Amino acid sequence: MAFFTHRISRSFSSSAVRSVVIKNVMVIGGGQMGAGIAQVAASTGHSVTLVDMSEDILKKSVKGIEGSLKRVVKKKFADKPEAGEEFVQKILQNVSICTDPAAAVPSSDLVLEAIVENLKVKQDLFSRLDKLAPAHSIFASNTSSLPITDIASATSRQDRFGGLHFFNPVSMMKLVEVVATSATSQETFDSLLNFSKALGKTPVSCKDTPGFIVNRLLVPYMIEALRLHERGHGSKEDIDIAMKLGAGYPMGPFELSDYVGLDTLKFIIDGWNEKDPDNPLFTPSELLNKLVADGKLGKKTGEGFYKYK
């Protein structure tokens, strides 16, 4: 996963601005990913506004961030509890919460969404904010499967739109996929790369193709493991053990699928299959479809390929 050795010249509109130094960040979506991004940004000195539909969700998000920071404190400040508390409070001071994105967007250098994987919902959100955001504001999506180009098409700032795909848990995973569309300006792309580095992450440059880099390789791998099992060529337990001990993977494909969420896996592969039905790598799995239909979505529901207490 190396950086591109050369840059393709990207077209950008006359309204594009110089490379933006991102200081004020609005993260839309207080779920696990959104809260994780907010935590990392606040921990690196950025001013963060975390936005969701209700204060209850946001209070839960902030409580989760605080809990995550306290786990860091136990390791870094084991013998200095007062310094540890100061560390937590200093970071939390960088986080504010809001239920109205329109109220927060005028002061934002970066607007990053981490909401439901629904194209229309994302388009509607960005279309509304596009009319309110300053000219220099960069819009970005944390989507793992939807085309950035399609999301950006709802705005008039396609040159200031890109993808920032973080990985879960955000506080621990070092990678960020920085995605440029054919319309993303070089200035915007550089700003997103620099922001990722400022978070202490390692960015990789991606084109706006299905799954970018990681999921484009990972999802077909998990689906092929399902097909192998469906053909009776290996039990799920043996396949998981084989990949852990033979390939050195920390989790086998069935364990990983349960961790990701079987509904998420199905959503991704169905979307790719719809766009490219002739690609055999994107053929849906009957076993996966049945488990999702039965509500067995993996660890989050207590059962998927395996049962969890």
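Select Leu 265: with a relative accessibility of 1%, this residue counts as buried, where buried means under 20% relative accessible area, exposed over 50% and partly exposed in between, using a 1.4 Å probe and protein chains only. The model is predicted, so local features need pLDDT of at least 70 and side-chain atom pairs count only at pLDDT 80 or more, while totals for chains, interfaces and linings use all residues. Residues are numbered from 1 along each chain as its sequence is written, and side-chain values use heavy atoms, with hydrogens and water left out.

**Confidence**

Colour the chain by pLDDT, the predictor's confidence in each residue, from 0 to 100. The mean for the protein chain is 93, and 94% of its residues reach 70 or more. Then select residues 1-17, where pLDDT stays under 50. For this stretch the model has 38 contacts beyond four places in sequence, a contact being heavy atoms within 4.5 Å.

**Leu 265 and helix H11**

Return to Leu 265, which sits in helix H11. Helices (H or I, at least four residues) and strands (E, at least two) are DSSP runs, numbered from the N terminus. Not counting residues up to four places away in sequence, Leu 265 touches Val 219, Met 222, Ile 223, Ser 257 and Leu 288. For a distance check, pick Thr 202: its C-alpha lies 25 Å from that of Leu 265, and the two are 63 residues apart in sequence.

**Helix H8 and its three partners**

Show H8 together with H11 (residues 262-275); their axes come within 11 Å and cross at roughly 105°. Axes here are lines fitted to C-alpha atoms, for helices over the stretch in contact, and angles run from 0 to 180 degrees between N-to-C directions. H8 is therefore roughly perpendicular to H11; angles under 35 degrees count as roughly parallel, over 145 as roughly antiparallel, 65 to 115 as roughly perpendicular and the rest as oblique. On the H8 side, select Asn 215, Arg 216, Val 219, Pro 220, Met 222 and Ile 223; on the H11 side, Leu 265, Ile 268, Ile 269 and Trp 272. By class, the residues of this contact are 8 nonpolar, 1 polar and 1 charged. Ala, Val, Leu, Ile, Met, Phe, Trp, Tyr, Cys and Pro count as nonpolar, Asp, Glu, Lys and Arg as charged, and the others, Gly among them, as polar.

Next, swap H11 for H10 (residues 253-260), keeping H8 (residues 214-230) on display; the axes come within 9 Å and cross at roughly 120°. H8 and H10 are therefore oblique to each other. Their crossing is left-handed, meaning that the near helix is turned anticlockwise from the far one by less than a right angle, whereas clockwise would be right-handed. Leu 218, Tyr 221, Met 222, Ala 225, Leu 226 and His 229 of H8 meet Pro 253, Phe 254, Leu 256 and Ser 257 of H10. This contact of H8 with H10 has 8 nonpolar residues, 2 polar and no charged.

The third partner is H12 (residues 286-293), whose axis is 8 Å from that of H8, at an angle of about 100°. H8 and H12 are therefore roughly perpendicular to each other. Select Ile 223, Leu 226, His 229 and Glu 230 in H8, which meet Glu 286, Leu 287 and Leu 288 in H12. The contact of H8 with H12 divides into 4 nonpolar, 1 polar and 2 charged residues.

**Two backbone details**

Move to Phe 212, in the loop between strand E8 (202-207) and H8. Its phi is near 55°, a positive value in a residue other than glycine. Phe 212 is buried, at 6% relative accessibility.

Then go to Pro 169, in the loop between strand E6 (161-166) and strand E7 (175-180). The peptide bond from Asn 168 to Pro 169 is cis, with omega near 0°.

**Three single residues**

Val 25 is in strand E1 (residues 24-28) and is buried, at 2% relative accessibility. Beyond four places in sequence, Val 25 is in contact with His 46, Ser 47, Val 48, Thr 49, Leu 110 and Phe 195.

Ser 191, in helix H7 (residues 186-198), is also buried, with a relative accessible area of 2%. Outside its neighbours within four places in sequence, Ser 191 contacts Ser 19, Val 20, Ile 22 and Ile 138.

Finish at Asp 100, in the loop between strand E3 (95-98) and helix H4 (101-104). Asp 100 counts as partly exposed, at 34% relative accessibility. Leaving aside neighbours within four places in sequence, Asp 100 is in contact with Val 51 and Arg 128.
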